[in-house]
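Got your viewer open and a selection box ready? Let's take a short walk, one selection at a time.

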Amino acid sequence: MNVIVTESYEESCAAAAQMIADLVREKPACKLGLATGGTPVPIYRKLIEMNRAGTVDFARVRTVNLDEYCGIPADHPQSYRYFMDTNLFDHINIDKANTFVAAGMGDYQANAAQLERMVYEGGPADLQLLGIGNNGHIAFNEAGDTLHAKAHIEHLTDSTISANARFFEKKEDVPTMAITMGMGDILAARKVVLVATGPAKAEAIRGLVTGDTITPHNPSTLLKLHPDATVIIDRALAEAAGYGA
Ligand code: GLP
């Protein structure tokens with residue numbers, strides 16, 4: 001695993017955006033695995049800037065997102081489809097027909113099966129962007145005794161619901177279930193890039209970047225099995241996580 005320590009979160013986001021832009025330039029019809037949450041927002045902002053400046057072209061890029069809440073429609077302001085449209089897709093020259101976010105309404109099992117197909121359609125992602133939950137969850141693969149390899153329905157933990165409550169009016173409004181890629185789907189990407197910041201992520205990042213233990217109680221540790229995984233953290237988080245100490 002390659003760990004990059006930057007001087008700031010802003011620098012981390014610039015580095016991740018650069019990796020994505022380099023890939024798109026090298027392979028214009030690449031497939032990107034994308035993530036939601038607060039962390040990637042500045043990464044997407046930088047990609048929008050580059051696209052507007054004419055230095056990166058998304059015309060032939062395809063995307064698949066990690067996950068989606070169950071029970072909220074695509075046009076709901078907290079759906080991950082809405083997040084992707086408003087934070088990235090509406091502002092770049094991507095063909096939205098080439099972007100996939102699992103449907104959160106209807107037959108959840110069928111939606112998970114469709115996500116599983118999309119993960120591999122035309123080959124796995126060239127690059128999968130990731131954030132990390134406070135408990136080490138990746139996409140919505142929750143910490144616990146077991147993990148899933150494939151796309152499935154996940155019951156969210158109280159830690160995750162509390163952390164994501166900031167995006168909703170009240171905690172009770174946060175969906176309790178989600179459709180998510182499984183850990184095998186994420187590990188199938190040719191390259192994975194995880195960005196994290198903030199003291200709430202310190203314990204999860206400690207498990208990921210120090211030692212070689214792999215445990216379902218910190219799902220991010222499975223990334224240690226990936227041959228091309230990069231973790232980008234700022235110095236404050238690296239120190240809090242005991243990296244390089
Ligand atoms: C959600 C998403 C994850 C994301 C996590 C952390 O649970 N499903 O993909 O990594 O939140 O989000 P944030 O970046 O807001 O801390």
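## Start at the ligand

Keep in mind that you're looking at a predicted model. Select the ligand to begin: the space it takes up is the largest pocket.

Next, grow the selection to the residues around it. You should pick up 14 surrounding residues, and the closest include Gly38, Thr39, His137, Arg166 and Lys201. Colour that shell by class and you'll get seven polar residues, four nonpolar ones and three charged ones.

Now show the side chain of Thr39. One of its N or O atoms sits 2.4 Å from an oxygen atom of the ligand. Move on to His137, where a polar side-chain atom is 2.8 Å from a ligand oxygen. For Ile132, switch on the backbone instead: a polar atom there lies 3.2 Å from an oxygen atom of the ligand. With those contacts on screen, try a surface view. On its own the ligand has 390 Å² of accessible area, and the protein covers 95% of that.

## Then follow the charges

Leave the pocket and turn to the salt bridges; the count comes to eleven. Which residue does Glu7 pair with through its side chain? Select Arg235: the two side chains form a salt bridge, with an N to O distance of 2.8 Å.

Zoom out with both residues still highlighted. Glu7 is in the loop between strand 1 (2–6) and helix 1 (9–26), while Arg235 belongs to helix 8 (residues 235–240). The partners are 228 residues apart, so this pair links distant parts of the chain.

Definitions and conventions:
Residues numbered from 1 in each chain as written. Predicted model: local features only at pLDDT ≥ 70, side-chain atom pairs only at ≥ 80, totals over all residues. Heavy atoms only, no water. Near = heavy atom within 4 Å. Polar contact = N/O pair within 3.5 Å; in protein donor to acceptor, adjacent residues only side chain to side chain. Areas by Shrake-Rupley, 256 points an atom, 1.4 Å probe, with all protein chains shown as cover. 1 Å grid on protein atoms, 1.4 Å probe; cavity = no way out; pocket = protein on both sides within 12 Å on 5 of 7 lines; lining within 4 Å. Sits in = over half its atoms within 2 Å of the grid points. Nonpolar A, V, L, I, M, F, W, Y, C, P; charged D, E, K, R; others polar. Salt bridge = Lys/Arg side-chain N within 4 Å of Asp/Glu carboxyl O. Helix = DSSP H or I, 4+ residues; strand = E, 2+ residues; numbered from the N terminus.
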